[in-house]
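Here is a short report on a complex of chains. Take a look at the structure first, then read on.

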Amino acid sequence: MKKMMTDYELIEKFVKGEQSCFETLIHRHKNKVYAYISLYIRDQALVEDLFQDTFLKVIQSVKSGKYYDNGKFISWVMRIAHNLIIDHFRRIKQLNTVSNDDYESDLFNSRKLAEENIEDHLIKRQIQKDIRMLISQLPDDQREVVILRHYSGLSFKEIADITEVSINTALGRMRYALINMRKMMEEKKITLTFN
Amino acid sequence: MNKPMGLNSTPYLSYQEILVDDIDIYDDAWGFYPEFNDVIDLLKQVKPVAGRRLTNRLIKRIRQNN
């Protein structure tokens, strides 16, 4: 069986000129990055821009020798995505523009709804809206752990690296987040009514 | 003859046979799923994915830039 190349092996080959190796990295990690950005930003066009900017910045940094392998490639990529999101919010604050929180769009590219009936579709949309609301009402540090764990699929060790806290702190934040979300679910009577 | 307890009833399972793919040991140790399965199942109802169109657009940009 052919052994899967590590992230660093792919980066090394990419730097030496094998373009396809970076494309393999994109396919390997794209959903983690996309999920992270899309749960912070509501504007779909902006999500797509930041998603692309993240990978372009990764290439720029890799080519200028700013990445040293320590087995934490995805943590590093997520930190780049995180910084781009922060930059975006800083710009908005400086420009004093209206928040785009009211922008309504289907940010969750869930499975195609073509074959589902309208009622199922509406219920699903409502659940997605409820989940987004639950996540958005969490304190920042708890929200970040939930997104990184449940939507970007990172381990607690990786989350601890990215957020620069101990594993125990990351675990504690997750516990509080889950307690808070359950409380909100009870208050707002949100239940899982669709499978 | 009495046999020591466990020796004839517990199938041997080597460490390599224990399936740990996709399991985060800390998550498992803290028992989040058993305690909060209602919340976690709700979170699982959405799965943001980068669509093929977006991925292709990114790859095209990278090819053009390199």
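In this predicted model, the centres of domain 1 of chain A and domain 2 of chain A, taken over C-alpha atoms, are separated by 22 Å. Domain 1 covers residues 1-101 of chain A, and domain 2 covers 116-195.

The two domains touch. Their contact takes 9 residues from domain 1 of chain A and 10 residues from domain 2 of chain A. On the domain 1 side, the elements that give two or more residues are α2 (19-38) and α4 (73-95) of chain A. Of these, α4(A) gives the most, with 4 residues. By class, that side of domain 1 holds 5 nonpolar, 1 polar and 3 charged residues.

Chain A also meets chain B. This contact takes 26 residues from chain B and 35 residues from chain A. On the side of chain B, the elements that give two or more residues are α1, α2 and α3 (52-65) of chain B. That side of chain B has 15 nonpolar, 4 polar and 7 charged residues.

The table sets out the classes for the two sides described above.

| Side | Nonpolar | Polar | Charged |
|---|---|---|---|
| Domain 1 of chain A, touching domain 2 of chain A | 5 residues | 1 residue | 3 residues |
| Chain B, touching chain A | 15 residues | 4 residues | 7 residues |

Now to one helix of chain B. Helix α2(B) spans residues 32-43, which makes 12 residues. Its end C-alpha atoms are only 13 Å apart. A straight helix would reach 16 Å at 1.5 Å a residue, and α2(B) falls short of that.

Which residues of α2(B) are buried? They are B:F32, B:V39, B:L42 and B:L43. Seen down the axis of α2(B), the buried residues fall within an arc of 115°, so they line one face of the helix. On the other side of α2(B), B:P34, B:N37 and B:D41 are exposed.

What do the buried residues of α2(B) pack against? In chain A, they pack against α5 (118-136), α6 (140-151) and α8 (167-187). In chain B, they pack against α1 (25-30). The buried residues of α2(B) thus have partners in both chains.

Last come the confidence scores. Chain B averages a pLDDT of 82, and 68% of its residues score at least 70. For the complex, the predictor gives an ipTM of 0.75 and a pTM of 0.78.

Notes. Residues numbered from 1 in each chain as written. Chains lettered and ligands numbered in written order. Predicted model: local features only at pLDDT ≥ 70, side-chain atom pairs only at ≥ 80, totals over all residues. Expected span 1.5 Å × (residues − 1). Buried ≥ 20, exposed ≤ 12 C-beta atoms within 10 Å, placed from the backbone. Arc of directions from axis to C-beta. Contact = placed C-beta atoms within 7 Å. Nonpolar A, V, L, I, M, F, W, Y, C, P; charged D, E, K, R; others polar. pLDDT = per-residue confidence, 0-100. Domains from an automatic or database assignment.
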